[in-house]
Amino acid sequence: MASYCLALSVFFFLLFLFSSSISSSTAALVQQQPLVLKYHNGALLKGNITVDLVWYGRFSPTQRSVVVDFIRSLGSARSLPPSAASWWRTTEKYKGGSSNLVVGRQALHEAYTLGKSLNNRHLRALAGKFNAAPGTITVVLTAADVAVEGFCMRCGTHGSFRPGSAFVWVGNSETQCPGQCAWPFHQPMYGPQTPPLVAPSGDVGADGMVINLATLLAGAVTNPFGSGYFQGPAEAPLEAVSACTGIYGSGSYPGYPGRLLVDKVTGASYNAHGLGGRKFLLPAMWDPETYACKTLV
């Protein structure tokens, strides 16, 4: 099974060290340099893609609905602009056309049958609960009280272990390394301790999972088998969104997510509308047409 780590901790460490030694204006100039993700001539996940969800541990109904609504919002044409769907449409610019995500089966594992300390073997076993057909993504989500091997070094992973199908793991980072895996909804682990942003749903763990899930879903469709779009070594690639780490709005620089929309009632920061009035904060995605990290605002 191949797998590709989100590895936010390494990027944030480098970004915040960078921010402490140069000005924000210089950082902005650095970010404007062309960025190229090479296509390695492999298969991508395109067309209609079923996303099955495995919930391991206890999640509140609200937390589950935030994640499910996010995935459904990626294919909705009914949301106000800027929308989660318009963010996802950037994946259409990668070879092969559109990737249409549809929420499929869901399994709840609230009894912690594998314990509360998981490793990669456990994640593979959970992903295998569904007999994934080709063109399917199985997403394993672990609750806040579930420790996963290497959690703070990756925040989440995606990979493949059955022909033509992919899997994603994302953990709730509300209490595990939130400064790395739930930033900017938590103070950063490194660098200037800027105040955290207010999470759109009011749940730092759920909204942090949305950011990481967005990153990994984009990676799963544009580099599902390690031979798609990426920069750097295949075992630790920079992918569609991970190549744009820390960028959420225009004018961003290391340690500052950029200019965002703010809910006048709750004070929450966001940049994308979703189904049912949902609001999300989504990271920038590399645009193959402009060779730059594209933001919604």
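**View 1. L217 and its contacts in the largest nonpolar core.** Leaving aside neighbours within four places in sequence, L217 is in contact with F70, I71, L74, W88, L101, I137 and V139, where contact means heavy atoms within 4.5 Å. This is a predicted model, with residues numbered from 1 along each chain as its sequence is written, and local features need pLDDT of at least 70. Side-chain atom pairs count only at pLDDT 80 or more, while totals for chains, interfaces and linings use all residues, and side-chain values use heavy atoms, with hydrogens and water left out. L217 belongs to the largest nonpolar core, which has 69 residues; a nonpolar core is a set of buried Ala, Val, Leu, Ile, Met, Phe, Trp, Tyr and Cys residues joined through side-chain atoms within 4.5 Å. Together with F70, I71 and I137, L217 touches the most other members. Helix 8 (residues 204-222) gives the most to this core, with 10 residues. Helices (H or I, at least four residues) and strands (E, at least two) are DSSP runs, numbered from the N terminus. Apart from the largest core lies another one, of 7 residues, among them F185, I211, Y248 and L260.

**View 2. The aromatic pair of Y94 and Y229.** Here Y94 meets Y229 edge-to-face, at 4.7 Å centre to centre and with 85° between the planes. Rings of Phe, Tyr and Trp (its six-membered ring) pair if their centres lie within 6.5 Å; planes under 30 degrees apart count as stacked, over 60 as edge-to-face and the rest as tilted. Y94 lies in the loop between helix 4 (84-88) and strand 4 (99-109) and Y229 in strand 10 (residues 229-230), so the pair ties together parts that are 135 residues apart in sequence. Both Y94 and Y229 are buried, where buried means under 20% relative accessible area, exposed over 50% and partly exposed in between (1.4 Å probe, protein chains only). Zoom out a little and you will find Y39, Y94, Y229, W286 and Y291 in one aromatic cluster. The count for the model comes to 12 aromatic pairs.

**View 3. Two lysines over tyrosine rings.** The charged end of K116 sits over the ring of Y112, 4.6 Å from the ring centre. For K279, the charged end sits over the ring of Y270, at 5.4 Å from its centre. A charge sits over a ring if NZ of Lys or CZ of Arg is within 6 Å of the ring centre and within 35 degrees of the ring normal.

**View 4. The disulfide of C152 and C177.** The sulfur atoms of C152 and C177 are 1.5 Å apart and form a disulfide, defined as a pair of cysteine sulfur atoms within 2.5 Å. The torsion about their S-S bond is about 70°, so the disulfide is right-handed. Distant parts of the chain are linked here: C152 is in helix 6 (residues 151-154) and C177 in the loop between strand 9 (165-171) and helix 7 (178-181), 25 residues apart. C152 is partly exposed at 29% relative accessibility, whereas C177 is buried, with a relative accessible area of 18%.

**View 5. The disulfide of C155 and C181, with S173 alongside C181.** In this disulfide, the sulfur atoms of C155 and C181 are 2.0 Å apart. With -75° about the S-S bond, the link is left-handed. C155 lies in the loop between helix 6 and strand 8 (156-162) and C181 in helix 7, 26 residues apart; both cysteines are buried. The backbone oxygen of C181 lies 3.5 Å from a polar atom of the side chain of S173. S173 is in the loop between strand 9 and helix 7 and is buried, with a relative accessible area of 0%. Not counting residues up to four places away in sequence, S173 touches F151, P178, C181 and A182.

**View 6. The disulfide of C244 and C293.** C244 and C293 form a disulfide with sulfur atoms 2.1 Å apart. The torsion about the S-S bond is about -90°, so this disulfide is left-handed. C244 sits in the loop between strand 10 and strand 11 (261-262) and C293 in strand 16 (residues 292-294), 49 residues apart. C244 is buried at 1% relative accessibility, while C293 is partly exposed at 27%. In total there are 3 disulfides, and they follow the pattern 1-3, 2-4, 5-6, with bonded cysteines counted along the chain.

Technical notes
A polar contact is a pair of N or O atoms within 3.5 Å; within protein, one must be able to donate a hydrogen and the other to accept it, and residues adjacent in sequence count only if both atoms are side-chain atoms.
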